[in-house]
Amino acid sequence: MIIQKTDIAILGAGASGLFLASFLNEKDYILIDHSQIPLKIKASGGGKCNFTNEFVSSENYIGNKKLIAKVLDNFSNRYVLEFFKNIKYKKIKNNQYFASSSNEIIKKIDKKKFLAEILSVEKDGNFIVHTSKGDIKAKKVVIATGGISYKKLGATDIGYQIAKYFGHTVIALTPALVGLSLQKEQFWMKKLSGVSLRVKIKVGNKTFFDDVLFSHRGITGPVILNSSLYWKKGKIKCDFLPEVKIKKSNKTISNALPLPKRFILEFLKAHNFQDLPISQSNQALKMLQNYEFAPAGNFGFDKAEVTKGGISTDELENLESKFVKDLFFIGEIVNVTGELGGYNFQWCFSSAKYVADNINKRNNKKYVTDK
Ligand SMILES: Cc1cc2nc3c(=O)[nH]c(=O)nc-3n(C[C@H](O)[C@H](O)[C@H](O)COP(=O)(O)OP(=O)(O)OC[C@H]3O[C@@H](n4cnc5c(N)ncnc54)[C@H](O)[C@@H]3O)c2cc1C
């Protein structure tokens, strides 16, 4: 039974859905979500939401670079900072912008929601959105239901199901920005739970320089989360001494190197090296600088900050379906995935603004130049 009619049904009131609504006329849309609170924004950045970065380009993303560049260019990190200028935020290491609290971001973009489970969408002239509380008739539908990682924060695969129903291809979904599990040869790292150190990792054509954190499950920390985005089976190369100038001395390797003692002792033991003076430890030093290993896998969707893969951009024109007019996709559901550092929220905001401009232009509404 049709219980409401609207011009635009926005499916999902997370980062991209709420941001889109910020550029539409309140009476033109209905925001549908099963959660009152945008839980991923709330949890993001350890509760402080890393909402953008000082340097953003298509190179920070996996996906269709041309489309990404166009969408980012229309609403760049500068516009995001301008939009949030009234909240407290600061730039920290690696040029990431963090809010003083995620609640500040939420307060700025939160809107009234129609609280219901989204079940399916059909099109018979207009769209009919079936929800647990009845049907909503809409002229346009924007799918902003996000990825499937972190189910406990409200994620479902409904957006992908709807996309498939309308003939879209969903590029294989895999966990990304996630910890990596280890093969037997690297189990020595599991004994280092809680230890962290700065390393350089080369994975494919990408090099990342940041902290690794050892855990009982495997390895995590920012450098590993970023590496997980580009890792597709096979070896990664790790330099455990990226900034260290090795000085000649009579000290043993465990005393001479500025590495956590637990780490170096475990490393030596695992590779049958003795704790000899640094001048006699060339082989161990070489291995520390060029440590190659193949992770076993990753910690899975439950621990992944994002879902890699999604709606094929080949089947979208300006983020609108090439198959079904007035059906749009924004945010993480699109086959665009950013690195760690605020790039995923930036994509959500830019893609939402891109579609807002498109819809406002079509409806001849004034928000179009109001970036
Ligand atoms: C722990 C964690 C920390 C993160 N930290 C950062 C960070 O600091 N910086 C960064 O850039 N990115 C971060 N991310 C990634 C970022 O949160 C996501 O990329 C972003 O939220 C995606 O926005 P979205 O609008 O596409 O989807 P979401 O924000 O996930 O919104 C989707 C909405 O759809 C709703 N929904 C889903 N299914 C249904 C259904 N069947 N019925 C009704 N409603 C439904 C959900 O309740 C949700 O509100 C983090 C992610 C996690 C999990």
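This talk goes through the strand pairing, the helix packing and two backbone details of one structure.

Please keep in mind throughout that the model is a predicted one.

I begin with the seven-stranded sheet. Its strands follow the order 17-16-13-14-15-12-18, the sheet is open, and the pairing is antiparallel. Which strands stand at the edges? They are strand 17, residues 291-293, and strand 18, residues 297-298. Each of these two has a single partner strand, so one side of each is left without a neighbour in the sheet.

For strand 17, that partner can be described in more detail. Strand 16, residues 236-239, is joined to strand 17 by three bridges, and the two run antiparallel. Within this pairing, Cys238 stands opposite Tyr291 of strand 17. Helix 7, residues 222-230, packs on the sheet. The strands that helix 7 touches are strand 12 (180-181), strand 13 (196-203), strand 14 (206-214) and strand 15 (218-220). The direction of helix 7 makes about 130° with that of strand 14. A further helix, helix 10 with residues 282-289, lies across strand 16 and strand 17. Relative to strand 16, helix 10 runs at about 125°.

Between helix 7 and strand 16 there is a loop, and Lys233 is placed in it. As a general reminder, most residues other than glycine have a negative phi. Lys233, however, has a phi near 70°, a positive value in a residue other than glycine. Is the side of the chain at Lys233 buried or exposed? Lys233 counts as exposed because its relative accessibility is 72%, and the cut-off for that class is over 50%.

A second residue of this kind is Asn318, whose phi is positive, about 55°, although the residue is not a glycine. Asn318 is found in the loop between strand 20 (316-317) and strand 21 (320-321). With a relative accessible area of 26%, Asn318 is partly exposed.

I turn next to strand 10, residues 134-143. How many of its 10 residues are buried? Eight are, and strand 10 is thus described as mostly covered. Strand 10 pairs with strand 1, residues 2-11, through eight bridges, and these two strands run parallel. Strand 9, residues 126-131, is joined to strand 10 by five bridges, in this case antiparallel. A hairpin links strand 9 to strand 10 through two residues.

Ala138 of strand 10 deserves a specific mention. Ala138 is the bridge partner of Thr6, and Ala138 is also the bridge partner of Phe127. Strand 10 further pairs with strand 22, residues 327-329, in the parallel sense over three bridges. There, Ile143 stands opposite Phe329 of strand 22.

There is also an open sheet of three strands, in the order 3-6-5, with antiparallel pairing. Strand 3 (50-53) and strand 5 (89-92) stand at its edges; each has a single partner strand, so one side of each lacks a neighbour in the sheet. On average, and with direction ignored, neighbouring strands of this sheet are turned by 30° against each other. Strand 3 pairs with strand 6, residues 96-99, in the antiparallel sense over three bridges. In that pairing, Asn50 stands opposite Phe98 of strand 6.

The last topic is the packing of helix on helix. The axes of helix 2, residues 39-47, and helix 5, residues 102-109, come within 8 Å and cross at roughly 150°. Helix 2 is therefore roughly antiparallel to helix 5, the threshold being over 145 degrees. Their crossing is right-handed. From helix 2, Ile41, Lys42, Ser44 and Gly47 meet Ser102, Asn103, Ile105, Ile106 and Ile109 of helix 5. By class, this contact has four nonpolar, four polar and one charged residues.

How do helix 3, residues 65-74, and helix 11, residues 343-362, cross, and at roughly what angle? Their axes come within 8 Å and cross at roughly 80°. Helix 3 and helix 11 are therefore roughly perpendicular to each other. On the side of helix 3, the contact is made by Leu67, Ile68, Lys70, Val71, Leu72 and Asn74. Helix 11 contributes Gln346, Trp347, Ser350, Ser351, Lys353, Tyr354 and Asp357. By class, the contact of helix 3 with helix 11 has six nonpolar, four polar and three charged residues.

Key: Residues numbered from 1 in each chain as written. Predicted model: local features only at pLDDT ≥ 70, side-chain atom pairs only at ≥ 80, totals over all residues. Heavy atoms only, no water. Axes fitted to C-alpha atoms, helices over the stretch in contact; angles between N-to-C directions. Helix = DSSP H or I, 4+ residues; strand = E, 2+ residues; numbered from the N terminus. Parallel < 35°, antiparallel > 145°, perpendicular 65-115°, else oblique. Left-handed = near helix turned anticlockwise from the far one by under 90°. Contact = heavy atoms within 4.5 Å. Nonpolar A, V, L, I, M, F, W, Y, C, P; charged D, E, K, R; others polar. Pairing = 2+ DSSP bridges. Buried < 20%, exposed > 50% of the residue type's maximum accessible area, 1.4 Å probe, protein only.
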